[in-house]
Amino acid sequence: MATIKDIAKYAGVSHGTVSNVLNRKGNVSAEKIKLVEQAAKALGYQINSQASKLRSGKSENICIIVPRMDLKMYGKLYAGIEKELHEQDYTIEILCSEGMASTESRLLKKALSLRPTAIVLVSCRFKNEEPVPEETTVIMVDRFVKGFPENSVFLSFDYEKAGREIAEKCVQDGNKSIALLCENERYSSDRSFIKSVSEVLENEGCYFEVLEAPEPMKFNRAFDLLYAADPFDAIIAMSREDVENIEMAHSYNSQVELPRIYSLVSRTFGLENSDMYELDYKLMGQHIAKIILRKEEFLKRAREGKIKRGKSGVAEVTEEGRFPQRKISAPGREETIRFLTVNNSTGQAIKRLLPLFKEQTGIEVNMVETPYDELRKMVSKMKVTGETVFDMVRIDMAWMLGDSEKIFRKMNEDDPVIRRIRSAVFPGIPEEYYSVNGAMYALPLDACVQMLFCRKDIFEDELIKRGYYENTRRKLSIPGSFQEYNQVAAFFTRRYNKKSPTGYGTTLTCGRSYTAACEVLPRFYELGGCIPDRNGRVQVLSEKMKAAVESCMESEQYATKEPHFWWQEAAEVFSDGFTAMNILFSNYASDMVRNVSSKVAGKIIYAEVPGGNPLLGGGSVGITKSTEKEEACLKFLDWLYSDEISEMVTYLGGFIGNRNIVKNADILELYPWIEGIEEMFRKGKRGSQKKKNQWFDEFAFEDILGSAVISAMSGTSTVDEALGEAQRICDRLFNREEQAGEAGRQG
């Protein structure tokens with residue numbers, strides 16, 4: 001095998017240079033990095049990362065010890081940990097104890113001998129006697145073990161809450177004789193669960209038995225349950241595999257009545273039996289990984305009392321589970337409601353799920369999807385006539401102040417359905433999506449906010465980072481201002497940098513007037529601009545707006561040349577790997593990764609837009625004044641905003657802002673930016689300007705401004721000329737008090 005000396009000779013550089021490149025030290029030129037990488041590849045050299053870490057005195061091993069890997073919960077746990085750590089240069093080793101204490105002791109000794117950063121342990125023991133190196137943090141999962149040092153962590157689901165809620169449901173369903181199946185009552189998780197279940201059943205006067213089933217005997221125990229002398233009404237189990245064992249045992253004698261089964265299960269995606277209480281082990285795995293990555297900060301907070309400590313002094317973190325929130329109604333009389341919405345990913349996702357709603361309720365939803373321009377025309381007509389054939393309509397949130405009172409009926413905020421939906425929606429979604437003058441007319445449907453998306457693989461590439469520094473004398477990082485954004489975009493545009501890994505630095509969506517306005521306004525707000533200003537005047541002919549338009553025109557030099565008329569097109573270009581960065585509304589971001597040939601899936605960094613002033617977007621849905629089917633509409637909305645359906649809509653590429661989406665590890669793995677949306681919403685701008693100027697129409701304003709931007713960018717007029725014409729139109733439409741004052745002075 002080639003050595004570092006061989007690589008140095010082949011590349012024509014020093015031994016120290018090769019060492020710096022292989023150890024990712026940043027004091028080597030881009031040219032020499034490239035020479036070393038080419039030489040290493042040509043000689044077939046592979047970096048022994050483990051040896052490198054040992055030489056540096058830094059061990060980044062993680063050992064995971066679980067009873068079995070074929071149990072879904074532990075597969076999910078590993079997937080969550082691995083997702084967060086696989087790009088951080090950690091080596092993860094997984095070991096299986098087969099539920100045997102002696103085997104676990106041997107594996108723990110082996111793991112500790114490696115002096116790892118952390119050991120993640122699902123134990124089958126009750127006390128540890130092995131010394132733990134100071135640099136190793138033991139993270140116990142679900143089952144607490146005595147004898148680990150105080151820098152250990154105990155991470156568990158809330159088994160008391162889970163047991164109580166399962167037992168309460170079991171009793172509500174009319175069961176009187178219940179079997180409680182667990183693995184070992186001495187495990188802290190089993191003990192807490194059984195104690196909580198028992199308390200509820202005792203209080204309700206139910207008969208119950210607790211049956212332990214050690215791992216090798218679980219299938220046998222399933223037969224015992226089914227052939228009990230006095231059959232049980234129900235069984236409460238603690239894993240999906242327990243349920244499968246019981247159902248398998250029943251298949252050998254289907255003449256025996258199968259009791260109703262309630263169980264804890266590792267969360268999966270899609271429809272789940274409503275008797276299954278979901279624990280998201282994948283999300284727990286991600287939380288464990290974050291503790292490992294920020295170990296010192298976490299332990300410091302524990303020492304300061306900001307994190308709960310148990311009696312043994314160990315930091316304790318509790319995760320919560322839940323029953324799936326399914327909305328199932330007994331089918332009533334068949335009827336049809338008509339729903340008008342924009343043609344986008346959310347509408348397409350909802351349409352795929354409508355057969356389920358009809359099956360559950362008997363109500364058919366006739367969903368009409370139309371382009372944005374056509375929707376605007378149809379809503380404008382409804383506003384004038386006050387009549388429509390539609391029972392529900394989705395409008396852009398920027399139209400809420402001008403249109404909602406005229407086409408929607410006021411919502412009863414005391415209605416249980418409306419209260420339930422409001423409590424389910426992201427708390428960060430602004431009132432502009434719901435209300436006008438304090439009255440509620442709509443619900444946020446595909447609410448979204450502008451976000452910046454960058455290619456992680458190229459922003460973190462050492463050769464590219466060095467090249468950027470040599471070109472600009474600045475460190476390559478996610479741009480925080482539009483000035484930095486244009487500098488980075490220029491570097492990633494091959495026209496200006498022949499070595500760029502992408503053809504273009506960014507995209508612009510300026511094919512329509514109102515999309516062009518959305519490119520300029522965040523730049524304008526970054527400069528401190530305000531529309532309308534503090535006096536209520538709509539002022540576009542200003543130095544700040546001119547600078548914002550010129551910034552956008554500079555970005556055009558680094559953007560793909562095809563005119564993008566909608567954000568979906570820009571997302572597809574980014575997906576194809578042609579650009580390094582992209583600013584999109586979040587409800588179109590799924591298009592970057594849903595494409596099976598996406599070149600950026602799993603390689604995306606998300607951040608707030610440069611300057612930190614994103615625009616809000618998306619729309620709201622309301623019930624029309626003219627409908628006679630309000631009850632059916634409320635049933636549909638209740639179903640649509642349920643955990644199950646809103647999560648499925650989001651998984652299919654749409655977005656409904658149910659707060660539990662951020663607790664779904666599968667969704668976050670596919671669309672990681674959803675975790676940051678709520679904070680972005682709090683910074684978003686749009687939808688409230690009419691309060692400063694009674695004649696202001698946001699849609700009309702963006703149309704005027706965007707037309708000026710397109711005129712300037714196309715060279716039809718100068719920036720001053722384009723903004724001057726826009727100002728004259730704004731004066732005529734919005735600045736009416738000023739005109740009246742001028743007329744009075746002339747009179």
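This briefing covers a parallel sheet and several salt bridges in a predicted model. Local features need pLDDT of at least 70 and side-chain atom pairs count only at pLDDT 80 or more, while totals for chains, interfaces and linings use all residues. Residues are numbered from 1 along each chain as its sequence is written, and side-chain values use heavy atoms, with hydrogens and water left out.

**Sheet**
- Six strands form an open sheet in the order 2-1-3-4-5-11 with parallel pairing, where strands (E, at least two residues) and helices (H or I, at least four) are DSSP runs numbered from the N terminus, and two strands pair if DSSP finds at least two bridges between them.
- Strand 2 (91-96) and strand 11 (315-319) each have a single partner strand, so one side of each is left without a neighbour in the sheet.
- Strand 5 (residues 153-157) pairs with strand 11 over five bridges, and Val153 stands opposite Ala315.

**Salt bridges**
- The whole structure holds 51 salt bridges, each being a side-chain nitrogen of Lys or Arg within 4 Å of a carboxyl oxygen of Asp or Glu.
- Asp280 and Arg267 form one of these at 3.8 Å, N to O, and the pair ties together parts that are 13 residues apart in sequence; both residues are buried, meaning under 20% relative accessible area (exposed is over 50%, partly exposed in between; 1.4 Å probe, protein chains only).
- Arg537 and Asp731 have their closest N and O atoms 3.3 Å apart, and Arg537, at 18% relative accessibility, counts as buried.
- Within helix 28, Arg728 and Glu725 lie three residues apart, about one turn of the helix, and form a salt bridge at 3.1 Å.
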